[in-house]
Amino acid sequence: MEQLLHWFDLIGIVVFAFTGVLAAGHKQMDLFGAVVLACVTATGGGTTRDMILNIPVFWLQDTHYLWIAAVTGVISFYLIRYLQVPMRLLMVADAMGLAVFVVIGTQKVLELGHSPTIAIVMGVMTGTFGGLIRDILAGDIPLLLRREIYATAALAGAATLVLLRASGKVPGEAVVATAVLVTLAIRLAALRWNLSAPIARFGNK
Amino acid sequence: MEQLLHWFDLIGIVVFAFTGVLAAGHKQMDLFGAVVLACVTATGGGTTRDMILNIPVFWLQDTHYLWIAAVTGVISFYLIRYLQVPMRLLMVADAMGLAVFVVIGTQKVLELGHSPTIAIVMGVMTGTFGGLIRDILAGDIPLLLRREIYATAALAGAATLVLLRASGKVPGEAVVATAVLVTLAIRLAALRWNLSAPIARFGNK
Amino acid sequence: MEQLLHWFDLIGIVVFAFTGVLAAGHKQMDLFGAVVLACVTATGGGTTRDMILNIPVFWLQDTHYLWIAAVTGVISFYLIRYLQVPMRLLMVADAMGLAVFVVIGTQKVLELGHSPTIAIVMGVMTGTFGGLIRDILAGDIPLLLRREIYATAALAGAATLVLLRASGKVPGEAVVATAVLVTLAIRLAALRWNLSAPIARFGNK
């Protein structure tokens, strides 16, 4: 279980760092600006979670998260010059990071003994705030707040984890893997078929 | 007194959540994006205050704040489809949230034993940072930093509370109510008559 | 040593507060909006550092930092009306603030016993996040992420401090002063000659 979560964690760090560099590429940032954006995107969600819960920020104890984000940033920086990077790749990588971080965040907060409500809120925050900060820094409207079922997918994944755990009938690894797949499937389906939740609009327009 | 502050707190949560949904409506966000923005707007000021003061974040202990923000978000989401919502309503609701949260924040920090300077700074922060985060996330220049006497109203309200309390002659409830009314009156007057504090401009233009 | 760092700290507060008012001037904010932006710019980097390290935020104990930022804000607000302020001054003042805050941040975190990696990361954060928040609030793409060797200069300054300290052969004051000068020289040279680190771009364009 520990090991599964650790792998998911590494996947999340790598794919979010990669999306940070893609966003930096769109804005023609320089190497170190891109690496900063990679690190902030990869660690922003977990950092916000740990600061709000008032527990030690995860990368202070274990700096390999920062190193992996930074090295991924440098490699991606040169990679995108020489490879054809389809624009949708940003969305797919972001969806993978979202799925693993929502689940890791929810799981971590449940294990700290918080209520399901708090676990779901903090799980959604863990999964979404890295990308949110990336989009704000790059001057874009955050993906989180746009219409393509982003917050919805995160919420569904976190709720799946809480419900399956509460049922007590599913082994831990299966619970975690299912919640990741649910989040990823909903988000990718929304991207593929341009699905959207109801859109906010004004009656007087 | 407790009860008065609690009512103000609920008013603040509800009106700020509503402004979050109005901002989401302007950007055609989806339902869950709008609910996220409602919750962030309603809780952002108090969350920043508690994190800086290093005390437990208020909604971790008592999740009914989150529920009220989320439910207000959902109801507002459907309400704005069927009602004519005048555009100035965002400003008026925001002014009410500003007034109650500035006063609650200042009061809370004074009761923790901090100095008047810190209480005023943290009160202004409590009242303004939820709306600030809302505006940043929605891609607007924050109301706080624009010219319509926003920070000024917050500062006046926090200072009123500190001064009336220090005088020792006014009962607690009257102090709190007066400070709320001062903030609200200044902000609404500025909106009504387009008042502004001196504007920053460059000599060489 | 203490005294040298204290002077640097004051310089950083004053120049960053000044850059906040310059940014406010570009956006025609009002007096209190400009003062808020001055305070946030001057204290944002250190505040983020202290919150992440979970130590008391520096201006809660010692409010003279806030007062200096606010007074600088008010003075600058009126100053820019009557003086010809060359546009490049924002960049130069920002470079000075960057240099002193990167070095103070790195030094402070090393003295708390953290590893060189964490000290460099937190030093870069201390130096850059105040300006980052300023640029975000004013609706600009952050200087930090643009192409003019900004993060690079911060990183070089923090690394210089760590390396010179580790060598054990240079007196503390000389280490600190050298690291400040290295940061400032790299950043000013980049501004003067339009130097840039490699820029992120896509292979398929």
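Hi everyone, this is a short tour of two interfaces that chain C makes, one with chain B and one with chain A.

A word on the basis: the model is predicted, so local features need pLDDT of at least 70 and side-chain atom pairs pLDDT 80 or more, while totals for chains, interfaces and linings use all residues. Residues are numbered from 1 along each chain as written, chains are lettered from A in the order written, and side-chain values use heavy atoms, without hydrogens and water.

Let's start with chain B. Here 31 residues of chain B are in contact with 34 of chain C, where contact means heavy atoms within 4.5 Å. The two bury about 2800 Å², 69% of it on carbon and sulfur atoms; buried area is the accessible area (1.4 Å probe) lost on being put together, summed over both parts. On the chain B side, Leu145(B), Ala200(B) and Phe202(B) lose the most area to chain C, together 24% of what that side buries.

What about salt bridges between chain B and chain C? The count is 0, taking a side-chain nitrogen of Lys or Arg within 4 Å of a carboxyl oxygen of Asp or Glu.

Now to chain A, where 35 residues are in contact with 31 of chain C. This pair buries about 2800 Å², with 69% on carbon and sulfur atoms. Between chain A and chain C there are 0 salt bridges.

So much for the tour; thanks for listening!
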